[in-house]
Amino acid sequence: MTGNEFLRALREDKHVTVRGFAALCGFSPRTVSYYENGQNQISSIPSIKAIKMFNILGADIEQFFYDYYPYKDELDESVRSWKEKHPKTLKIAVVRKRYYQRLAKIKERGNLAPDVFDGFMGDFREIFDVVLSGDIMTEDDYDRYVLEFNYRLRKALNPLPDKAISHCIMDGLYHTEYSISDISKFCGVNGYHIRGCIEGTYDIETLRVGVALKICHVLQLSFNEVFGQNISF
């Protein structure tokens with residue numbers, strides 16, 4: 001059974017007509033038929049409509065795509081390839097220099113208020129002149145100190161959006177070393193569009209469900225928690 005056949009079977013099991021189901025989901029009857037016949041890709045359904053549709057059918061979106069439209073293996077391979085091209089260095093001197101140069105540019109451009117910048121410089125000196133010692137840090141220390149510093153710096157430079165879904169995704173992004181451009185490449189979508197959705201400029205609820213699932217997987221977030229719990233009808 002294919003994914004579209006599975007959805008049709010679920011609808012029929014609930015004794016709901018195509019027209020009735022379309023009305024409940026906010027689709028036209030023809031659109032429902034296209035999805036059930038496989039003429040339209042289910043992954044292209046806007047997230048808000050996909051969540052409503054799956055709620056009506058009593059099916060879990062994440063499990064459905066895992067069963068019928070597996071995308072995680074290919075996505076994991078893209079992430080693995082990215083990590084090979086951007087190896088994590090644990091050499092303290094190298095990481096120290098990288099962040100010092102970054103802070104110097106931030107100061108030059110005036111991206112942060114003087115008192116905020118001074119706070120980050122103090123944290124920088126604490127991490128690299130006091131906490132970390134020797135030539136090589138452990139991966140745990142990198143995650144605990146460097147990534148945490150990177151997270152706070154990114155958030156200070158670009159505050160988290162007010163919209164709940166965008167807020168969750170941007171927060172997840174800041175906990176990594178990916179850029180929005182990296183996310184767009186992982187997911188195979190236009191960088192300008194994905195930036196607008198993630199940063200809250202566009203209505204992220206209309207983001208295609210297949211793309212939303214990929215973003216959540218890359219950032220190790222739960223689609224049901226990020227999208228499902230933050231969309232109301």
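A residue counts as buried under 20% relative accessible area, as exposed over 50%, and as partly exposed in between. By this criterion Y69, with a relative accessible area of 31%, is partly exposed. The structure described here is a predicted model, and the report proceeds from Y69 to the interior of the N-terminal helices, then to helix 9 and the pockets.

## Y69 and its surroundings

Y69 is placed in the loop between helix 5 (61-68) and helix 6 (72-85). Apart from residues up to four places away in sequence, Y69 touches G3, N4, I42 and F64. With N4 there is also a polar approach: the side chain of Y69 reaches the backbone nitrogen of N4 at 3.5 Å. A residue distant in sequence is G210, which is 141 residues from Y69 along the chain, while the two C-alpha atoms are separated by 9.3 Å.

## Helix 3 and the cavity

Helix 3 spans residues 29-37, and its buried residues are V32, Y35 and E36. Because these residues cover an arc of only 95 degrees around the axis, they lie on the same side of helix 3. Their packing partners are helix 1 (3-13) and helix 2 (18-25). After helix 3 comes G38, whose phi is positive, near 85 degrees.

The buried residues of helix 3 reappear in the description of the enclosed space. The structure holds 1 cavity of 30 Å³ or more, and the largest cavity contains about 80 Å³ of space. Its lining consists of N4, L7, R8, R11, F21, F27, V32, Y35, E36, I42, M53 and L57. Helix 1, helix 3 and helix 4 (47-57) are the elements that give two or more residues to this lining. Helix 1 gives the most, with 4 residues. By class, the lining of the largest cavity divides into 8 nonpolar, 1 polar and 3 charged residues. Two of the residues that Y69 touches, N4 and I42, are also among the residues that line the largest cavity.

## R154 and N150 in helix 9

R154 lies in helix 9 (residues 139-157). With a relative accessible area of 14%, R154 is buried, since the limit for that class is under 20%. Leaving aside neighbours within four places in sequence, the contacts of R154 are R102, L173, Y174, T176, E177, Y178 and S179. The side chain of R154 reaches the backbone oxygen of Y178 at 2.7 Å. E177 is 23 residues from R154 in sequence, and the C-alpha to C-alpha distance between the two is 9.9 Å.

N150 has its place in helix 9 as well. At 4% relative accessibility, N150 counts as buried. Its contacts, again without neighbours within four places in sequence, are Y99, R102, Y174, T176 and E177. R102, Y174, T176 and E177 are thus in contact with both N150 and R154.

## The pockets

The largest pocket holds about 930 Å³ of space. It is lined by 34 residues, and W82, R154, T176, E177 and Y178 lie nearest its centre. The elements that give two or more residues to the lining of the largest pocket are helix 6, helix 7 (92-109), helix 9, helix 10 (164-174), helix 12 (191-199) and helix 13 (209-218). Helix 9 supplies the largest share, 6 residues. R154 therefore combines a buried classification, at 14% relative accessible area, with a place among the residues nearest the centre of the largest pocket. T176, E177 and Y178, likewise nearest that centre, are among the contacts of R154.

The second largest pocket holds about 310 Å³ of space. Of the 19 residues that line the second largest pocket, Q41, S43, S44, F65 and G210 are the closest to its centre. Helix 13 provides the largest share of this lining, 4 residues. G210, already named for its separation of 9.3 Å from Y69, C-alpha to C-alpha, is thus one of the residues closest to the centre of the second largest pocket.

The make-up of the three linings is set out below.

| Space | Nonpolar | Polar | Charged |
|---|---|---|---|
| Largest cavity | 8 residues | 1 residue | 3 residues |
| Largest pocket | 14 residues | 10 residues | 10 residues |
| Second largest pocket | 9 residues | 8 residues | 2 residues |

Note on methods
Residues are numbered from 1 along each chain as its sequence is written. This is a predicted model: local features need pLDDT of at least 70, side-chain atom pairs count only at pLDDT 80 or more; totals for chains, interfaces and linings use all residues. Side-chain values use heavy atoms; hydrogens and water are left out. Buried means under 20% relative accessible area, exposed over 50%, partly exposed in between (1.4 Å probe, protein chains only). The arc is that of the directions from the helix axis to the C-beta atoms. Contact means heavy atoms within 4.5 Å. A polar contact is a pair of N or O atoms within 3.5 Å; within protein, one must be able to donate a hydrogen and the other to accept it, and residues adjacent in sequence count only if both atoms are side-chain atoms. On a 1 Å grid over the protein atoms alone, a cavity is a set of points where a 1.4 Å probe fits but cannot get out, and a pocket is an open set with protein on both sides within 12 Å along at least five of seven lines; lining residues have an atom within 4 Å of a point. Grid points are joined across faces, edges and corners, and a volume is the space filled by probe spheres set on the points. Ala, Val, Leu, Ile, Met, Phe, Trp, Tyr, Cys and Pro count as nonpolar, Asp, Glu, Lys and Arg as charged, and the others, Gly among them, as polar.
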